[in-house]
Amino acid sequence: MNETIDRPIDTSHMQVSDEVAIQISQMNKWYGTFHVLRDINMTVQRGERIVICGPSGSGKSTLIRCINRLEEHQAGQIVVDGTELTSDLKNIDKVRSEVGMVFQHFNLFPHLTILENCTLAPIWVRKTPKKEAEEVAMHFLRKVKIPEQANKYPGQLSGGQQQRVAIARSLCMKPRIMLFDEPTSALDPEMIKEVLDTMIALAEEGMTMLCVTHEMGFAQAVANRVIFMDQGQIVEQNEPREFFNNPKSDRTKLFLSQILGH
Amino acid sequence: MSELHAQTVPFVRDSMLPQELPPASQRGAVKWVRENLFSGPMNTILTVLSLLVVFLILQSSLPWWLNSVWNANSLAECRAAVQAMAGEGATGACWAVIRERWHQFMFGFYPRGLYWRPVLAFALLFVALAPVLFGDNARKRMILLACVAVALVLALIGVGTDLAHVSFAIVAMAAILAVSHLAPARLIWATLLFPAVGFFLLWGGSVWGPIGVLMGFGVLVAVYRLLLPMLGVVMGTALGFLAACVWWLMIQTHVTTVLHNLMPWGLEAIDSDQFGGFLLAFTIGVTAIAASLPLGILLALGRRSDMFLIKTLSVGFIEFIRGVPLITMLFTASLLLQYFLPPQTNFDLILRVIILVTLFASAYIAEVVRGGLAALPRGQYEAADALGLDYWKAQRHIIMPQALKISIPGIVSSFIGLFKDTTLVAFVGLLDPLKGVTAIVRADINWKGIYWEPYIFVGTIFFLICFGMSRYSMYLEKKLKTDHR
Ligand SMILES: Nc1ncnc2c1ncn2[C@@H]1O[C@H](COP(=O)(O)OP(=O)(O)O)[C@@H](O)[C@H]1O
Ligand SMILES: [Mg+2]
């Protein structure tokens, strides 16, 4: 179905524990008077890999941005790793240091080298000594397969390389949960694969992942669960095979037929 | 190409063609002239007209420049020398006035025997700037410092300094060069201490005054360090600042008086009304530039703040200052400010002017920086947030480096404007180089009637300084360009 995933992914060893990583209950959010998220209920176990899809404007970005409080919710509860997100800054800092985020447009810091991009937060937030932070950064840059670019600036890298740096930058904070907001949507087709490979490798290590993406091949290969959103609500969720082969709701069917081009 | 090739097979080149220059009309000066000066009828007419204007200007002013007189004691002597040299009715520049009065253009009425103090302070200014200007470029920094050292010694000898002070300056500069070479990071101390050292050199008085002020900063840091683990950054800074204010306002004078009685060290005190010329322009300009940048940044952040009160105050301040002419502010400095201060405080006029010029410049800097902040994509803030950086850390490491980089041209323009505006202090009776000193020189019976030469001299110096700032800003922009767009 998707040519970018070219190897069988063995998910059998990817243990999903009973421990709850993220608990969202009765969550609502408004932009002014626009009710953008309605009654969201969702539990994510540690080690789970969840793909969120849905038409543009359905609130996918808003939902995962609420999880690290880039957006504030107005009603209901979000608990991340046992810490409830309220306006308490201490809690927000705690959650943000445990949750990594990868953006559609990478958002690397253009005035810093790749290495500095990766060490900035560990040094200033985690107070890691510079030398150690650089070692960790090089470790993750090797993992995303671009250690040789460490001293270049983001502007000198291709889109795919930049996105892999962005992933490495998040990993340097040793997060327990990773959020991805359409990480491949701004990339040329030939670069999508290198980013997806990086994400698959991450999944194979048991990272808890929430991923907004339209890469259905990735969803089928890696996800334990696919969530379909429309008009600010969770319309349907299921494990990938059922979701793709046997969608229940009409909206899901319509969406799938559009995106898969049947 | 390939089709052509296909038609002429088989083909083998037996001799390779050497590289050749383009035709004569397509290279070098001929090409440049054709493309840039005579590329069309309109362009040709403009070129001819411009050449005519340049010719007319040169024709009328060149003799004046060529007939310059350097040795004379009055304007009348100058004129006589020109007539003798170039015949009846000839005109000539009389630079003798600069030769005789240069010290007033430079130092105003600063005591002649003490010129080494402002000269040394000026040299130390560049030492203080070195880590800021060329912090990461050891070679450029060493070149700058070496040039400063040589220029300092020459200047000290030029202003007639006694041997003791010249040797002192040589030793000091040697020490600074050694520090810059061995422990470049330590050079930042020269920058931090410069305000106190510069003040002490310029105004003199007891050495314990500036040391007392510095001790206030020590109090600030000590209290901050003490409270940091318990109360956090913001409260720690606030209480530290409060403690420092208590020190400065209530304790310092007692301590420094005692110390001064024990160890009466110091330099001869110089009154503010003896300052003048470029010494005054630099004192006001440099202090105001150094102080207005941080203030402007804070105002820009305040203007973008979510907190209603801070935002309103910042906007109000910026718009008020930008709506009022600088001259009004200077009159405020000279007349009104005294009313708002407690009676008997004798607040130095230069200091008051510096404060208001700083406030004035900071409003403009704030707007320039705000433009830089607005140009940053939202994603930068979000990435910083997502990585867990708090507001101040994000500002310091992510936002400001980029926003300031974007704002460099605007900031330097503001600085250049500020520096030139220091001449406006003439309106409150201070002796600026352009109007103040020139007026004094022309009031002298010997130089009555001279006008071009002093203005050209002062103008040239202003131009050199402002041009230097502008070139440095271009260098900085090029150096900081990392986005490879
Ligand atoms: N800052 C905002 N202010 C007002 N409306 C917004 C804002 N951000 C997003 N929206 C609206 O909220 C809806 C959901 O947006 P988003 O979560 O980005 O959708 P998705 O990521 O699924 O495409 C869209 O209709 C969008 O126009
Ligand atoms: Mg989106």
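User: Which residue forms a salt bridge with A:Lys143, and how far apart are the closest N and O atoms?

Analyst: This is a predicted model, and in it the partner of A:Lys143 is A:Glu205, with 3.1 Å between the closest N and O atoms. The pair links distant parts of the chain, 62 residues apart. A:Lys143 is in helix H4 (residues 130-143) of chain A, and A:Glu205 is in the loop between helix H6 (189-204) and strand E8 (208-212) of chain A.

User: Is A:Lys143 buried or exposed, or something in between?

Analyst: A:Lys143 has a relative accessible area of 34%, so it is partly exposed. Its partner A:Glu205 has 52%, so it counts as exposed.

User: How many salt bridges are there over all chains?

Analyst: A search of the whole structure gives 25. Two further cases come from chain B, and each lies within one helix.

User: Where do B:Glu319 and B:Arg322 lie?

Analyst: Both are in helix H12 (residues 308-323) of chain B, 3 residues apart, which is about one turn of the helix. Their closest N and O atoms are 3.8 Å apart in the salt bridge. B:Glu319 is partly exposed at 36%, and B:Arg322 is partly exposed at 33%.

User: What distance, N to O, separates B:Glu382 and B:Arg378?

Analyst: The distance in that salt bridge is 2.9 Å. Both residues lie in helix H15 (residues 378-386) of chain B, 4 residues apart, again about one turn of the helix. Here the accessibilities fall into separate classes: B:Glu382 counts as buried at 12%, whereas B:Arg378 is exposed at 57%.

User: Which residues do salt bridges that share partners join into one network?

Analyst: The network consists of B:Arg303, B:Glu319, B:Arg322, B:Glu367 and B:Arg370. B:Glu319 and B:Arg322, the pair in helix H12, are among them.

User: How is a pair of aromatic rings described?

Analyst: Two values are used: the distance of the centres and the angle of the planes. B:Phe134 and B:Tyr472 show how to read them: their centres are 6.0 Å apart and their planes are at 85°, an edge-to-face pair. B:Phe134 lies in the loop between helix H6 (116-133) and helix H7 (138-158) of chain B, and B:Tyr472 in helix H18 (residues 452-479) of chain B, so the pair ties together parts 338 residues apart in sequence. B:Phe134 is buried, at 13% relative accessibility.

User: What are the values for the rings of B:Tyr451 and B:Trp452?

Analyst: Their centres are 6.1 Å apart and their planes are at 40°, so this pair is tilted. B:Tyr451 counts as partly exposed at 45%, and B:Trp452 counts as exposed at 52%.

User: How many aromatic pairs does a search of the whole structure find, and which residues do ring pairs link into a cluster?

Analyst: There are 25 aromatic pairs over all chains. One cluster is made of B:Phe122, B:Phe126, B:Phe278, B:Phe282, B:Phe419 and B:Phe462. A ring can also have a charge over its face: A:Arg169 lies over A:Phe109, 4.5 Å from the ring centre.

User: How do strands of a sheet pair?

Analyst: They pair through backbone hydrogen bonds, either parallel or antiparallel. In chain A, an open sheet of 4 strands has the order E2-E1-E4-E5, with antiparallel pairing. Strand E2 (34-45) and strand E5 (83-84) are its edge strands, each pairing on one side only. Strand E1 (residues 20-31) and strand E4 (residues 75-80) of chain A are joined by 5 bridges, and A:Ile22 stands opposite A:Val80 in E4(A). Helix H1 (residues 60-67) of chain A packs on this sheet and touches E1, E2 and E4, its direction making about 125° with that of E1(A).

User: Which strands of chain A pair in the parallel sense with E7(A)?

Analyst: Strand E6 (residues 99-102) does so over 4 bridges, with A:Val99 opposite A:Ile177. E8(A) also runs parallel to E7(A), joined to it by 5 bridges, and A:Met209 in E8(A) is the bridge partner of A:Met178.

User: Why is strand E7 (residues 177-181) of chain A described as largely enclosed?

Analyst: The reason is that 5 of its 5 residues are buried. In a regular strand the side chains alternate between the two faces of the sheet. In E7(A), A:Ile177, A:Leu179 and A:Asp181 are on one side and A:Met178 and A:Phe180 on the other, and both faces are covered.

Note on methods. Residues numbered from 1 in each chain as written. Chains lettered and ligands numbered in written order. Predicted model: local features only at pLDDT ≥ 70, side-chain atom pairs only at ≥ 80, totals over all residues. Heavy atoms only, no water. Phe/Tyr/Trp six-rings, centres within 6.5 Å; stacked < 30°, edge-to-face > 60°. Helix = DSSP H or I, 4+ residues; strand = E, 2+ residues; numbered from the N terminus. Buried < 20%, exposed > 50% of the residue type's maximum accessible area, 1.4 Å probe, protein only. Lys NZ or Arg CZ within 6 Å of the ring centre and 35° of its normal. Salt bridge = Lys/Arg side-chain N within 4 Å of Asp/Glu carboxyl O. Pairing = 2+ DSSP bridges. Contact = heavy atoms within 4.5 Å. Axes fitted to C-alpha atoms, helices over the stretch in contact; angles between N-to-C directions.
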